[in-house]
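The following exercises concern the structure shown below. Each task is followed by a solution that proceeds step by step.

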Protein chains: 2
Amino acid sequence: MSKNQNIRRKKQNVPKAASAARPKPIKRRPAIKAALRKRPNGKLYAAILAGGIGSRFWPLSRETTPKQLLKVVGDESLLKCTIKRLQPLVSPERVMIVTNARQAEIIRLHLTCDGGSQVSPGYVIEPMGRNTAAAIALAAIDLYRKDPDAVMAVLPADHVIEDGKPFRAALKAALQAARDGHLVTFGIVPTHPETGYGYIKSVPRAFRKIDGFSIKNVERFVEKPDIKRARQYLKDGGYYWNSGIFLWKASRILEEMKQHLPGTYESLTSFRDAEGLSAAYKNLKDVSIDHGILEKAKDVVVIPANFPWSDMGSWSSFNTVLKPDSEGNIVRGRVVDIGSKNSIVLGCDRAVATIGLKDMIIVDTPDATLVCPRERAQEVKEVVKILKKKGYTEHEIHRTVERPWGSYTLLETGEGYKIKKIRVEPKRRLSLQLHHHRSEHWVVISGIARVTRGEEIVDIGINQSTYIPRGVKHRLENPGGSPLEIIEVQNGEYVEEEDIVRFEDDFQRK
Amino acid sequence: MSKNQNIRRKKQNVPKAASAARPKPIKRRPAIKAALRKRPNGKLYAAILAGGIGSRFWPLSRETTPKQLLKVVGDESLLKCTIKRLQPLVSPERVMIVTNARQAEIIRLHLTCDGGSQVSPGYVIEPMGRNTAAAIALAAIDLYRKDPDAVMAVLPADHVIEDGKPFRAALKAALQAARDGHLVTFGIVPTHPETGYGYIKSVPRAFRKIDGFSIKNVERFVEKPDIKRARQYLKDGGYYWNSGIFLWKASRILEEMKQHLPGTYESLTSFRDAEGLSAAYKNLKDVSIDHGILEKAKDVVVIPANFPWSDMGSWSSFNTVLKPDSEGNIVRGRVVDIGSKNSIVLGCDRAVATIGLKDMIIVDTPDATLVCPRERAQEVKEVVKILKKKGYTEHEIHRTVERPWGSYTLLETGEGYKIKKIRVEPKRRLSLQLHHHRSEHWVVISGIARVTRGEEIVDIGINQSTYIPRGVKHRLENPGGSPLEIIEVQNGEYVEEEDIVRFEDDFQRK
């Protein structure tokens, strides 16, 4: 990961975990034995860094729908793709998601309830965001304690790598090198003079070949270049895009951490409980793994790789993963365009009309629209900051909110009322709950609703309605085989989501 | 009105009136007496041309919300402003709206039910749009039969003239000239080399002065110039913007019509009933008053006028009527902008984020968004054509639809259901009606609803609901002093507006 990318990550507003749950008390200072680096049989694990929101992808990304949960290519989220891409090399139970508590809950529900195949990785919970060095250290310590021989791949959750096969082949070669103690980085062979990525400069010659992959010593890490330099790099050769993907033994990275970031190492190996971790994290150095460790460490190597890769850094990245039409446009949704060029227009079910755009980005969602020239796509995160500052909610939540039992769409809200369309997937049900401050009217518009209301349970169908007075325990269930949709009219002096008391939940929510 | 403007008007898709109602059978060929032109006492009437949709103002304008009903400046629609601006010179009962049947009904409800002061002008109903010569002829004939001495001002419904006083002063001077038989045009003294308007070239010297206004003979009408020519016109002097506002005796314009458009004159003075008018209209020459008559007529004069005027031809015109900020931007609504210049961003209650725009127009409405460079603002009408062709509805109707009793907002629609928020103004009520194909659930969210359901009448309040089965006569009324709001969930195999049988209506709708 390049320097600039690190700065970006650092600035993301990662929500703070109220209490960072750690599975069990940990021993002080695990003994890192240099001798371990020769043991050739360490198993491969994966630590997926998923702490960010990806606010450059607003208005598609929101605090409650981080970028890694977006379905950018195909039908599955970037995160699911990242996990699946590792198989069969790394099975899901050897995958760890490194994130904060709030995101972990969102990700857990997403991975277990989003339809399709389900995956249940482990979680490493950071009490707050402190850049990649801290996140990787926490994961490495966790892993090392479970398996001192562990080899870990470190992967961002939000990259697009469309072909998994060459990716896994490179990973496999890296695994061998890592087992021998190398800290392996993946350098993407540049196809054009890109100014949006950092570069890895290798020595000219490979010192080793594994399965056809060259293993080269890293000479230095290079920040995002200007176009002139980028062209020179391409011409000179030996420069690779820094993919932000790494692979090493947990023991080896901790060994380097102990030496180059001793404060971080000390803090993360000596805390006793969640409060201790939280206190320790606050004082950690906010630094990337590249700057904090890799630029100084021994045995840092690069594997040049050819798989098509995009870090999806901003809306501009769409051109690398979706094929533009003959005018250079990428157009999705209910869009009417007259003569635009080299533009990205992502609509939804609203009508968007564009005329004569050049190098523009339009992203439309049910409640918010972005209009921005391509060259200023990086500034979208500033928009998100302004929205937050203004007290708007469009940076936080979508109009349609995914839930483990289905989804709800906010149709309208006003003083003392809220109208939602609620969709419950077949055989799923909401929690048994009550609200202190609102009553609810439900009208079924498709499917069959099984309604628990106090002591009674009734089934109601299309065109039937029911009323849930405030303070009455209730539950909505879809006993049928097709989706249930109802319109809910909430009335009360307070109609926010927080007014919910859950008694029983299929999805272990509180 | 310039030639190009005429072409524009000609291409507007004016909805065709199914049956053009004419107040009473008319006599054949009114005798036009040249001698009349000397009679000095003709009363002043106004014919307001309001047949167009103004599709260049999409997405704010829709077929059911034509441009003249938009509140561009201040709290009243362009049309209301046009009518009020004439007072006290022309009282509302001497105002005629020239339009088609569909628009006449929309305008009638708008003028009588839109709150504020009510105005009740007369209507001249065209069976279809056939450009300004036909519309003015129809109005002139109508007027001449009522009052052979009538003087008529002809005014487009959708111009912005912010100060009514100098406008009425010019009108008053023109009235004197018209009584003496002149055909008076209003030329706006150019303030800059505008390429968007047609020009009127006068002879150098005024042959008469009335109340300080020069009366000059017209040399010729000039089409929209290129920038070089426009600069030359400004330098040369004697060129005025063609405002499209005219004033003449009905008898005089008919006299010229008889000579220069004898077919139109013949057809419009000899039809016997609505069918006859409709048949006649189809074959009328589609020509503007400028081209069809004024360029050839005798005694055409221009009054140079200084009142600030805008024809609101496209979104670009906003700069002439709303004051841009220091960066040249006009921004309205819930907009977050970073560094845009010379742009128009009109938002609504959705969030719109703009970054670094230059000379762009963004217009956002609840269901549709326009993004377009200023210089291509004319092409918005093409967008409307495409929307229509694609079978979308966003060219036709807004998400919130004004009704004489209040308004409704479509919140959501899907197969077999439709969700609306209905707002009823105090002391108003919907028609007594029934639906053959849908049932309705109503939940009150504010105010008190008096519900007629079959034989019973009940009042229900906030958080109460009622159910109207299909086929049951019902009525919704607001007996209270504050607005009533309800959520309506419609269920049925057919949930379109057409499924309504009205038994009784306060607003004489069918």
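Helices (H or I, at least four residues) and strands (E, at least two) are DSSP runs, numbered from the N terminus. Residues are numbered from 1 along each chain as its sequence is written, and chains are lettered from A and ligands numbered from 1 in the order in which they are written. The model is predicted: local features need pLDDT of at least 70, side-chain atom pairs count only at pLDDT 80 or more, and totals for chains, interfaces and linings use all residues.

**Exercise 1. Characterise the overall fold of chain A.**

Step 1. Count the secondary structure elements: chain A has 12 helices and 28 strands.

Step 2. Compare the radius of gyration, taken over C-alpha atoms, with the globule rule, 2.2 Å times the number of residues to the power 0.38. Chain A has a radius of gyration of 25 Å, close to the 24 Å that the rule gives for 510 residues, so it is as compact as a globular protein of that length.

Step 3. Determine the extent along the principal axes: the C-alpha atoms of chain A fill a box of roughly 75 × 60 × 40 Å.

Step 4. Classify burial. A residue is buried if 20 or more other C-beta atoms lie within 10 Å of its own, exposed if 12 or fewer, and partly exposed in between, with C-beta atoms placed from the backbone. By this criterion 50% of the 510 residues of chain A are buried.

Step 5. Examine contacts, where two residues are in contact if their C-beta atoms, placed from the backbone, lie within 7 Å. Of the contacts in chain A between residues at least 6 apart in sequence, 71% join residues at least 24 apart.

**Exercise 2. Describe the environment of helix H2 of chain A and of the loop that follows.**

Step 1. Assess burial: seven of the eight residues of H2(A) (residues 78–85) are buried, so the helix is largely enclosed by the rest of the structure. Among them are Leu78(A), Cys81(A), Ile83(A) and Arg85(A).

Step 2. Identify the packing partners of these buried residues: they include strand E1 (44–49), strand E2 (95–100), helix H3 (101–113) and helix H5 (164–179) of chain A.

Step 3. Inspect the loop between H2 and E2 of chain A, which holds Pro88(A). The peptide bond from Gln87(A) to Pro88(A) is cis, with omega near 5 degrees.

**Exercise 3. Establish how chains A and B are related and how they meet.**

Step 1. Superpose the copies by least squares on the C-alpha atoms of residues with pLDDT of at least 70 in both. A turn of 180 degrees and a shift of 0.1 Å along the axis lay chain B on chain A with an RMSD of 0.1 Å. That is the relation of a two-fold axis. In chain B, the C-alpha nearest this axis belongs to Leu411(B), at 2.9 Å.

Step 2. Count the interface: 44 residues of chain B are in contact with 44 residues of chain A. On the side of chain B that touches chain A, strand E17 (residues 368–373) of chain B gives the most, with six residues.

Step 3. Compare the two sides: 100% of the interface residues of chain B are also interface residues in chain A, so the copies meet through the same surface.

**Exercise 4. Trace the sheet that contains strands of both chains.**

Step 1. Apply the pairing criterion, at least two DSSP bridges between two strands. Six strands form an open sheet of mixed pairing, in the order E12(A)-E14(A)-E16(A)-E17(A)-E15(B)-E13(B).

Step 2. Locate the edges: strand E12 (330–332) of chain A and strand E13 (335–338) of chain B each have a single partner strand, so one side of each is left without a neighbour in the sheet.

Step 3. Examine a pair: E14 (residues 344–346) and E16 (residues 360–364) of chain A run parallel and are joined by three bridges. Leu346(A) has Val363(A) in E16(A) as its bridge partner.

**Exercise 5. Which backbone conformation does Asn342(A) adopt, and where does the residue lie?**

Step 1. Recall the background: most residues other than glycine have a negative phi, and most peptide bonds are trans.

Step 2. Read the torsion: Asn342(A), although not a glycine, has a positive phi of about 50 degrees.

Step 3. Place the residue: Asn342(A) is in the loop between strand E13 (335–338) and E14 of chain A. With 15 C-beta neighbours inside 10 Å, Asn342(A) counts as partly exposed.
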